Amino acid sequence: MIGLIAGPAATARARAARLAGAWPARTLVYDGPSGDAVARAFTECRQLVCFLPAEEAVRVAAPLLVAGPGTPDLVCVDGSGHHAIPLASARAGSAAALAAEVDAALGSTSLGPSYGRHGAADAAGPALVVGVGARRGTTVDVVLRLVMSALEEAGPAQGEVAELATVEGKSTEPGLVEAARKLGVPLVAHPAARLAEVAVPHPSAAPLDATGTPSVAEAAALADGGELLVPKRKSDDTPATATCAVARRATAPDGRRAEEAAGSGATAHPATRSRPRTAMPSPGSAPHSSAVPGPTTRTGTTTAPGAPAHPRAASAPGIAVDSGTATAPASPPLSGTPSAPDGAAPANGADSAVVDPPGVSGGALSGIGTLHFPAVATPPGPHDLRHHGDAEVRDAGLIDLAVNVRTGTPPPWLRDRIAGSLGSLAAYPDGRRARSAVARRHGLPPERVLLTAGAAEAFVLLARALRPRRAVVVHPQFTEPEAALRDAGHRVERLLLDPADGFRLDPGAVPEDADLVVVGNPTNPTSVLHPAGTLAALARPGRTLVVDEAFMDAVPGEREALAGRQDLPGLVVLRSLTKTWGLAGLRIGYVLAEPVLLAELERAQPLWPVSSPALAAAEACVEPHALREAERAARRIAADRTRLLAGLEESAGVQVVAPAEAPFVLIRLARADRVRERLRAGGFAVRRGDTFPGLGPDWLRLAVRDPGTTERFLGALREALTRR
């Protein structure tokens, strides 16, 4: 039997019902929470079709694939309904065959061939190295959960997992040895002295004291050279007992570059020496060679001479088309020349046709013995789209300049309103009053308002409901819109704004045929406030224009806002109450758009998506006295920002993006990663910039704080800049 996992979205359930109607004697439909549904289907069916975002399908299936007795055929129909994706194969080609059948029944496009354990992806050879570190006694379950999570985040990179890698002192740790055995890959150990020589983005004193190297996970992943796909991640136990990082190594087992073996045409620069290392083969696996090629220096990638560009790339300056075949330098050039940071055109001459598959940021598992990933999908590249400022402040005792939430919030009166709602928790949430209050605040009818669990949920709803043919995201900006689009199976093009122009948007740079355009205003992280007229010029029939105004209430007078406009076709405005009112833990935001679109978004929401306390907060935060308080706060922030900018201008070697109009500023400086670590040592957390497409490791974002905090921070910054 074929198990159909219906998923929560109405469109997904409809597609599952359609396939069940086409194959009534072959299928069983599984409803309910996706994790429970997949678990039940695993016990009753040998083939599964999931109508879920690929990331979610991998997340719920991964534990079963690792722990279960065998691998079923697993196919995912992406959120757009355009693609049937073979994720795991019981035998050679079987998942691809099932995907082709699903394609024929639904009219979707199969992304075969199979990329299961016997799939075509094997031709490129193993390419992924998972670096792991662990404290003594770390369990195999902790290690496996962490590794699976990191592989999901890495996306469906070309090739397979070649090895787990660690430092010699951890090579006999039972949790690591058993994890490698279950994954069917060798556990490779490197001398601590060698790992200490590897340049990594997140060195730390803790592993240096314990193992003799400032990095285990990242250094082990990069020991053979290559590209870091997922930086250091910590396990979910408390305190964390394991770390993990994922890299695509520079050389395949046959000596070719991994990109070359995969046919990407990327260039790299091999070093001339080799070094010994110890290979610890897992039971049942082939032993590793005692010597491997030396480190490879990756300076960015290029297409081969004369290679054709993507046919869409020339239509607009600054467009970066993700073909999933190569990566470019991590930071755009100082001149501001538009570049393709995370996906360049393929360089195979006549064989370089670009496939338009869904971006599957979660990765696609396709085997237990070895883990393979579809080579045709479009991973997000070196930028960690899921990294946010809260990751910078998880260590206790740091002064927070990384998260853009106003300090001293929520105010007492808002706390009281939220607490007053707790007496109604026995009743299901009723959002009508809050929805009407938000509508009055913007002069709109209630049917043009949809309340959401924060702006982040709104991006997910848009990605699930829309069917864009050409989606363009303006960068640098908040990364969740692109991540949500990729998770839903949409192909994303990036319009990279030029730092030499102050990250200003030229409407003429947006492709005329783009039917979905996403832009922030004021923009996170650049603090640029685009003129309302510039954004309005992007609106036109047949295009959805999404403007993220999460920080607009921090702009005095909310000048340049589009919220409340009803004359612009396809306009969608997102607002958040998180930043000004300190409600990040409550999750409340809203969407302003045409009623027809909002009805589609509402159908994609689960029942009662916004809690009663969040509804009470929404209603309170749009009352006249609250709006007056928000305006006063915006003016204070503007004054505090002026003080911060003045101090930064006096700091040698610091470039500031100006004018800044949001409750944060973006700066550029040499060796920003080292400065950030020094600031942390001095007690201050700031936001790294290299996770934003269009930026690189020389950028930092700073939240605006009160004058006393600002003075202390500027002192710490001056010290960090002058230390040798």
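**Figure 1. Arg 676, a buried residue of helix H20 in the predicted model.** In this predicted model, Arg 676 counts as buried because its relative accessibility is 5%, and the buried class takes in values under 20%. The residue belongs to helix H20, which spans residues 672-681. When neighbours within four places in sequence are left aside, the contacts of Arg 676 are with Pro 201, His 202, Glu 392, Val 686, Arg 688 and Leu 700.

**Figure 2. Phe 51 in the loop between strand E3 and helix H3.** Strand E3 (47-50) and helix H3 (54-67) are joined by the loop in which Phe 51 is found. With a relative accessibility of 4%, Phe 51 counts as buried. Its C-alpha atom is separated by 7.5 Å from that of Leu 4, although the two residues are 47 residues apart along the chain. Leu 4 is also one of the residues that Phe 51 touches once those up to four places away in sequence are not counted. The others in that set are Ile 5, Ala 6, Gly 7, Ala 12, Arg 15, Ala 16, Leu 19, Val 77 and Leu 106.

**Figure 3. The crossing of helices H5 and H6.** Two packed helices are described by the angle between their axes and by the distance between those axes. For helix H5 (residues 140-154) and helix H6 (residues 174-183), the axes come within 8 Å and cross at roughly 55°, and the two helices are therefore oblique to each other. The crossing of H5 and H6 is right-handed. On the H5 side, the contact involves Val 140, Val 143, Leu 144, Val 147 and Met 148, which meet Gly 175, Leu 176, Glu 178, Ala 179, Lys 182 and Leu 183 of H6. The residues of this contact between H5 and H6 comprise 8 nonpolar, 1 polar and 2 charged.

**Figure 4. Cys 244 and Cys 621, two buried cysteines.** Cys 244 counts as buried because its relative accessibility is 0%, and Cys 621, at 2%, likewise counts as buried. A disulfide is a covalent bond between the sulfur atoms of two cysteines. The structure holds 0 disulfides.

**Figure 5. The protein chain as the setting for these views.** The secondary structure of the protein chain comes to 21 helices and 30 strands. Of its 724 residues, 60% count as buried. Among contacts in the protein chain with a separation of 6 or more, 72% are accounted for by residues 24 or more positions apart.

How values were computed. Residues are numbered from 1 along each chain as its sequence is written. This is a predicted model: local features need pLDDT of at least 70, side-chain atom pairs count only at pLDDT 80 or more; totals for chains, interfaces and linings use all residues. Side-chain values use heavy atoms; hydrogens and water are left out. Helices (H or I, at least four residues) and strands (E, at least two) are DSSP runs, numbered from the N terminus. Buried means under 20% relative accessible area, exposed over 50%, partly exposed in between (1.4 Å probe, protein chains only). Contact means heavy atoms within 4.5 Å. Axes are lines fitted to C-alpha atoms, for helices over the stretch in contact, and angles run from 0 to 180 degrees between N-to-C directions. Angles under 35 degrees count as roughly parallel, over 145 as roughly antiparallel, 65 to 115 as roughly perpendicular and the rest as oblique. A crossing is left-handed if the near helix is turned anticlockwise from the far one by less than a right angle, and right-handed if clockwise. Ala, Val, Leu, Ile, Met, Phe, Trp, Tyr, Cys and Pro count as nonpolar, Asp, Glu, Lys and Arg as charged, and the others, Gly among them, as polar. A disulfide is a pair of cysteine sulfur atoms within 2.5 Å.
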